[in-house]
Amino acid sequence: MTLTRRTLLGRLGAGLALTATTPLRLWSATETKIGAARITSLSDGHLVLPAGFMFDPMPQAELPLLLARYGLEGDTLRPDCNVTLMQSEGRNILFDAGSGASFQDSAGELVDALDAIGLTPDDITEVVFTHGHPDHLWGVLDDFDDPLFANARHLIGRIERDYWLDPATVDQIGVDRASFAVGAARRLEALETLETFEDGDEILPGVAAVATFGHTPGHMSFEIREGGDALMVVGDAIGNHHLAFARPHWPSGADQDRAMGAETRVRLMQRLASERMTMIGYHLPEGGMGHVEAAEDGYRFVPLEG
């Protein structure tokens, strides 16, 4: 449920009150601390994608062995969607806004996830976007096409904003993703204020933008740091827990610029592994929170121990 216009007048005067037979959902949130900041990974549900969307550009002779290693059978992938919440010094900062109700039925659950930890969209002070794909941006509007996070500042990388607002993008992105361009432009234009930033900017206290281009032209990751503690919100720069780790140099069909996406992934893996920095990946399992470890023939994802 998203609704709003202040949640449909208090759900029509509480006429939709819970009954004894209403099922209650249990929500699991993954948490860690970076200095005094609390970092929580919230579920927006999951996507349902054809496996070929990711795997078709990869070396087909080597692919079956790796698919078998990770139990990736069948023609469908169901990647998790993890929205990061940072709470620090009175701020409730979201990294991405989820899918909303207009992308896939299996996603768009962020408002429920916030409710489960005692927050509403009105409590969010900043929304920071990694990029403009539907599962990261489309949840920024409510069911009435008003900004869902009514009290929040909205921040996005300048290159990413310019790309989605360019009228030429819809004709250049390809027919399979044309709806992405139309949907992104509509939502970005609907936001009353949209602040931009550049690579390396400290966009909020203790939060620095890190260019991780390739998945989209202006994709950004974010380093959250206090003293010696650090965490990287990587968005879709590392898009899964299996082949992105085992073969980061392979092209992924999920990336708009496959060569640049692979270069970025290799560089990011090397840094995260060498610094043993905690990361959150948007489409990784168990809340997406963990570490990168070097393996014999690539890397592996090690979920954070709870």
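Me: What area does the protein chain expose, and how much of it do carbon and sulfur atoms supply?

Reply: Happy to start there: the exposed area is about 13,900 Å², and carbon and sulfur atoms supply 51% of it. Areas of this kind come from the Shrake-Rupley method with a 1.4 Å probe, and for residues only the protein chains shown count as cover. This is a predicted model, where local features need pLDDT of at least 70 and side-chain atom pairs count only at pLDDT 80 or more, while totals for chains, interfaces and linings use all residues. Residues are numbered from 1 along each chain as its sequence is written, and side-chain values use heavy atoms, with hydrogens and water left out.

Me: What makes the radius of gyration agree with that of a compact globule?

Reply: The rule is 2.2 Å times the number of residues to the power 0.38, with the radius taken over C-alpha atoms. For 306 residues this gives a value near 19 Å, and the protein chain has 19 Å, so the two agree. The C-alpha trace spans about 60 × 45 × 45 Å along its principal axes.

Me: Why is Ala-262 called buried?

Reply: Buried means under 20% relative accessible area (exposed is over 50%, partly exposed in between; 1.4 Å probe, protein chains only). Ala-262 has 8% relative accessibility, so Ala-262 counts as buried. This residue is found in helix H10 (residues 258–275); helices are DSSP runs of H or I with at least four residues, strands are E runs of at least two, and both are numbered from the N terminus. Not counting residues up to four places away in sequence, Ala-262 touches Pro-248, His-249, Trp-250 and Asp-255, where contact means heavy atoms within 4.5 Å.

Me: Is Gly-287, in the loop between strands E14 (278–281) and E15 (289–295), buried or exposed?

Reply: Buried, because its relative accessible area is 13%. Leaving aside neighbours within four places in sequence, Gly-287 is in contact with Thr-30, Ser-41, Asn-82 and Ile-280. Its C-alpha is 7.0 Å from that of Leu-42, although the two are 245 residues apart in sequence.

Me: What makes a set of residues a nonpolar core, and which members of the largest one touch the most others?

Reply: A core is a set of buried Ala, Val, Leu, Ile, Met, Phe, Trp, Tyr and Cys residues joined through side-chain atoms within 4.5 Å. The largest has 34 residues, and Ile-124, Phe-129, Phe-149 and Trp-164 touch the most other members. A second, separate core of 21 residues includes Ala-37, Val-128, Ile-203 and Ile-224.
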